[in-house]
Amino acid sequence: MQTSFSPVQLADPAVAESERILRKCVHCGFCTATCPTYLELGNELDSPRGRIYLIKDMLENDRPANEEVARHIDRCLSCLSCMTTCPSGVDYMHLVDHARVHIEKTYRRPLADRLLRALLARILPYPTRFRAALHAARLARPFVSVFEAFGGPFTRLAAMLRLSGTPGPKPAAALYAVPSAPKARVAILKGCAQSVLDPGINRAAENLLARFGIEIVHPEGEVCCGALSHHMGREEDARAFVRRNVDVWTREIEKGLDAVLITTSGCGTVVKDYGHILAEDRHYAEKAAEIALRTFDISEYLARLDLPSAGPRETAVAYHSACSLQHGQRVTLQPRMLLERAGFTVKEIGEGHICCGSAGTYNILQPAIARRLRDRKLRHIAETQADMIVAGNIGCITQLRSGTRTPVLHLVELLDWAYGGPVPPALGASVPNTEVSK
Ligand code: SF4
Ligand code: SF4
C-alpha cells in the first residue's frame with residue numbers, strides 16, 4: 001500500500017511504525033474471510049482491510065478521529081484472526097493499538113460512553129475495587145431486564161450486570177509442598193479480574209507445577225498487566241502498570257527467577273509485548289524486553305515439563321482456543337497435547353479460529369455483537385457433544401458460561417485434577433466419568 005506521510009509525521013516513532021505496517025498491506029482481502037465482525041456484519045468497514053483504510057486516512061491526514069472511525073475501530077475485537085490469515089505479515093495488532101490511542105486522544109465520545117469507559121478503567125484493574133463492584137452489582141442484577149428495555153446506553157449496563165457474576169470462593173489452602181530441590185523458580189501473574197472471579201485457577205496451576213518440582217514465588221507489588229487500559233487506548237495508564245510489573249519481576253530475576261507464567265492468555269499477549277510497549281523508554285526498554293522473553297503461557301511451560309501420560313478416559317473435552325492464545329501468541333498445539341497426554345479426548349470446535357465475543361471489555365462495550373459471537377461459538381461447541389469445555393482465558397470462560405450449562409473450566413483446573421488435585425468447582429456434582437480405562 002502506498003503511503004504519503006511527511007517527514008515531520010514520521011519523526012513520531014508511533015507514526016513511523018504504523019507507516020511501515022501500512023506499506024505491507026497489499027489489499028488482497030484474504031483477512032476479511034476470517035474476521036468475526038465482517039462475518040457477522042458484512043460491512044467492509046468492519047473488516048481488517050476496511051479498518052486499515054480508515055486508520056491510514058486518519059493518520060496520514062493528521063485528522064482527529066471522528067464518530068465513524070471510532071465506531072468501526074471500537075467494533076474490532078483485537079482478536080488478531082486477521083494476522084494469522086494475512087499472507088503479507090501485516091502487524092495489525094500494533095496498528096490498531098496506535099489507532100485506539102489516537103482515538104482516545106482526539107475524539108470526544110458521547111457522555112455515557114465516556115462514563116462507562118472511565119468506570120471500567122478505574123475498577124477492573126484493581127481487585128479490591130472489582131470485588132466491591134461485583135457485590136454492588138448483585139443488588140442491581142434484578143433490574144437487568146428493565147435496563148435492557150430502556151435500550152441505548154442501558155444495554156451496556158445490562159450486559160455488564162449479566163456478566164458480572166460473583167467473586168469466586170477463596171481457593172483451598174495450597175496443597176503443594178515447596179520442592180526441596182526445585183527444577184525452576186517461577187512467578188505466576190496474579191492478574192486482576194481473574195484473581196477475583198476465579199482465584200482457584202492460579203491455585204490449580206501452583207499445585208500442578210509444584211507437583212512436578214517447580215517452585216512458585218509470589219512477588220510483592222505486582223499489579224494488573226495493563227491489558228485493560230491498553231485495549232481502551234489509555235496509553236499512559238497502561239505504561240504505568242507495565243513499568244510497575246517490570247520493576248517487580250526484575251527484582252525477582254536478580255534473585256533467580258526463571259519465568260513469568262500467565263494463566264490468562266489475554267494478559268499473556270500483552271506481557272509478551274512489554275518490550276514493544278516500553279521500547280521508547282530508555283530506562284525500561286531493556287528490562288521490559290527481558291521480561292517479555294521470560295514470559296510463557298502456562299500451557300507452553302507445562303508442555304516443556306514432560307508430564308506423564310495417562311491412559312484414555314471416558315471424557316470428551318471441547319478445547320476452545322482463546323484468540324489471544326492462538327492468534328496473539330501462536331500457542332495452539334500445547335494445550336491439546338497436554339489434554340491428550342492426561343487421557344482426555346479432545347474435540348475440535350468448528351470455526352475454531354473465530355472469537356467467542358469476550359475480548360476483554362468487548363462483551364460489555366459491544367454487547368450485541370459479543371452475544372452473536374458467543375451464540376455462534378456455542379452452537380459449534382454443542383455439535384462436538386463434549387462433556388465439558390476447556391479454555392485458557394478467564395474472559396472466554398466467563399463469556400461461554402453465560403450461555404451454556406455445559407461446564408466450562410480452565411485447562412490447569414482439569415490437568416490438576418487429572419494429576420491428583422481436587423475436583424474443579426465448575427464441575428460441581430456433575431462430575432463425568434473421568435476414570436482412566438484399564
Ligand atoms: S482483530 Fe479480529 S475483529 Fe479486528 S479486524 Fe482483525 S479479525 Fe477483525
Ligand atoms: S490479508 Fe493482509 S495484505 Fe491482505 S488486505 Fe488483509 S491485511 Fe492487507
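## Ligand 2

In this predicted model, ligand 2 is surrounded by 13 residues. The closest are Cys25, Cys28, Cys31, Cys86 and Val90. By class, the shell around ligand 2 consists of eight nonpolar residues, four polar residues and one charged residue.

## Ligand 1

The shell of ligand 1 also holds 13 residues. Cys35, Pro48, Cys76, Cys79 and Cys82 are the closest of them. Nine residues of this shell are nonpolar, three are polar and one is charged.

Three helices each contribute at least two residues to the surroundings of ligand 1. They are helix H3 (36-41), helix H4 (48-60) and helix H6 (81-85). Pro48, one of the closest residues, lies within the range of H4, and Cys82, also among the closest, lies within that of H6.

## The parallel sheet

Strands of a sheet pair through backbone hydrogen bonds, in either a parallel or an antiparallel sense. Here, four strands make up an open sheet with parallel pairing, arranged in the order E6-E5-E7-E8. Strand E6 (345-347) and strand E8 (408-410) are the edges, each pairing on one side only. From one strand to the next, the twist averages 40 degrees.

At the E6 edge, the neighbouring strand is E5 (residues 316-319), and the two pair in the parallel sense over three bridges. Within this pairing, Ala318 has Lys347 of E6 as its bridge partner.

## Helix H21 across the sheet

Helix H21 (residues 333-341) lies across three strands of the sheet: E5, E6 and strand E7 (388-391). Relative to E5, H21 runs at about 170 degrees. E8, the edge strand at residues 408-410, is not among the strands named for H21.

## Packing of H13 and H25

Two packed helices are described by the angle between their axes and the distance between those axes. For helix H13 (residues 200-211) and helix H25 (residues 411-418), the angle is about 45 degrees and the axes are 8 Å apart. H13 and H25 are therefore oblique to each other, as the angle falls neither under 35 degrees nor in the range from 65 to 115 degrees. The crossing of H13 past H25 is left-handed.

On the H13 side, the contact is made by Gly200, Ile201, Ala204, Ala205, Asn207 and Leu208. These meet Val412, Glu413, Leu415 and Asp416 of H25. By class, the contact between the two helices has six nonpolar, two polar and two charged residues.

How values were computed. Residues numbered from 1 in each chain as written. Chains lettered and ligands numbered in written order. Predicted model: local features only at pLDDT ≥ 70, side-chain atom pairs only at ≥ 80, totals over all residues. Near = placed C-beta within 6 Å. Nonpolar A, V, L, I, M, F, W, Y, C, P; charged D, E, K, R; others polar. Axes fitted to C-alpha atoms, helices over the stretch in contact; angles between N-to-C directions. Parallel < 35°, antiparallel > 145°, perpendicular 65-115°, else oblique. Left-handed = near helix turned anticlockwise from the far one by under 90°. Contact = placed C-beta atoms within 7 Å. Pairing = 2+ DSSP bridges.
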